[in-house]
Amino acid sequence: AIVIVAVADMERITPLARLWRIRRSDCVLALIALAGVLIVGILAGLALAVGISLAMIVWRAGEGRLQLIGGQSASTDGTPEELSAPGLLVARPLQMLFFVNAAEIRESVDAAASSTETHPDVVLLDLGLTPDLDVPAIDAITDLRGSLLDAGSTLWISTRVDVVHDRLERAGVTGSTGMPIYRDVAGAVFAYLALHTDGHGDPRGTVLRTLLDFVRKQRTDPNLDAQGRLVFQELEERIQREIDESNGRQ
């Protein structure tokens, strides 16, 4: 009776129910930790739970999920998202690019570029969620660049992280003789428009207004994460400044 009274207050069903409601995998891990401690002991049970948690982290990171914008490609939910510059395909990995998922992401980007009705002139790889690059990731980017060149496309990189800039430059991937690298997606989009709309197709103002409508539409997507909303917000502000400046010059 003394033992029962002592441990009765340790039962916490409500936190487990909350875990199950918010994220069921976390609840499963908690139950595994509980069962491990009861069956094999405290230290061994906790070690088991930690090991399974690390394995799940690696497994999730290795999924290689992408958000695709532009051309005739599909986003992560399979909905076509056509950018006003159809020759530009933006591919953003939804997790850090590293050795576990580098090959899968490379293959996914390559497949996305090949699946468009019109092969993109430029594929922009947005590494906004990657704080650093290991050698396998750099090798995957180099291989992707080569395969895209063989198919008639150019690979561009977008990242704000100075460490990623430095890694790519040391590897000879970027720089004066390598692929272009931009601080943000907005800068890359405007660089593409400057190269492909001056004197060709629609006037620049029309392209900018079409692009602004597209960006505003994307910002309302409920499936967009915080980083994606920030990218579209910066892009919208930059496009609006360009339109205002163009109107002022006229």
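The mean pLDDT of the protein chain in this predicted model is 80, and 82% of the residues score at least 70. Two stretches fall under 50. In residues 72-82 the pLDDT stays under 50, although the model shows 27 contacts beyond four places in sequence for this stretch. Residues 198-202 also have a pLDDT below 50, and here the model has 4 contacts beyond near neighbours in sequence. Where pLDDT is low, predicted coordinates should not be read in detail. The contacts counted for residues 72-82 and for residues 198-202 are therefore to be taken with that reservation.

Packing between helices was examined for α2 and α3. A pair of packed helices is described by the distance between the two axes and by the angle between them. Helix α2 covers residues 13-22 and helix α3 covers residues 24-40. Their axes come within 5 Å and cross at roughly 140°. On the α2 side, the contact is made by L16, L19, W20 and I22; on the α3 side, R24, D26, C27, A30 and L31 take part. Sorted by class, this contact has 7 nonpolar and 2 charged residues, with no polar ones.

A search of the whole structure for enclosed space found 2 cavities of 30 Å³ or more. The largest cavity has a volume of about 140 Å³. Its lining consists of 15 residues, and those nearest the centre of the cavity are I69, V90, V185, V231 and F232. Two or more lining residues come from each of the strands β1 (66-70) and β2 (88-93) and the helices α8 (185-196), α9 (204-219) and α10 (226-249). Among these elements, α10 contributes the most, with 4 residues. By class, the lining of the largest cavity is made up of 11 nonpolar, 2 polar and 2 charged residues.

The second largest cavity holds about 40 Å³ of space. The residues that line this second cavity are L97, A102, I105, R106, L125, A140, I141 and L144. Helices α5 (102-115) and α6 (135-150) each supply at least two residues of the lining. The class count for the second largest cavity is 7 nonpolar and 1 charged, with no polar residues. Polar residues are thus absent from the lining of the second largest cavity, whereas the lining of the largest cavity has 2 of them.

Key: Residues are numbered from 1 along each chain as its sequence is written. This is a predicted model: local features need pLDDT of at least 70, side-chain atom pairs count only at pLDDT 80 or more; totals for chains, interfaces and linings use all residues. Side-chain values use heavy atoms; hydrogens and water are left out. On a 1 Å grid over the protein atoms alone, a cavity is a set of points where a 1.4 Å probe fits but cannot get out, and a pocket is an open set with protein on both sides within 12 Å along at least five of seven lines; lining residues have an atom within 4 Å of a point. Grid points are joined across faces, edges and corners, and a volume is the space filled by probe spheres set on the points. Ala, Val, Leu, Ile, Met, Phe, Trp, Tyr, Cys and Pro count as nonpolar, Asp, Glu, Lys and Arg as charged, and the others, Gly among them, as polar. pLDDT is the predictor's confidence in each residue, from 0 to 100. Contact means heavy atoms within 4.5 Å. Axes are lines fitted to C-alpha atoms, for helices over the stretch in contact, and angles run from 0 to 180 degrees between N-to-C directions.
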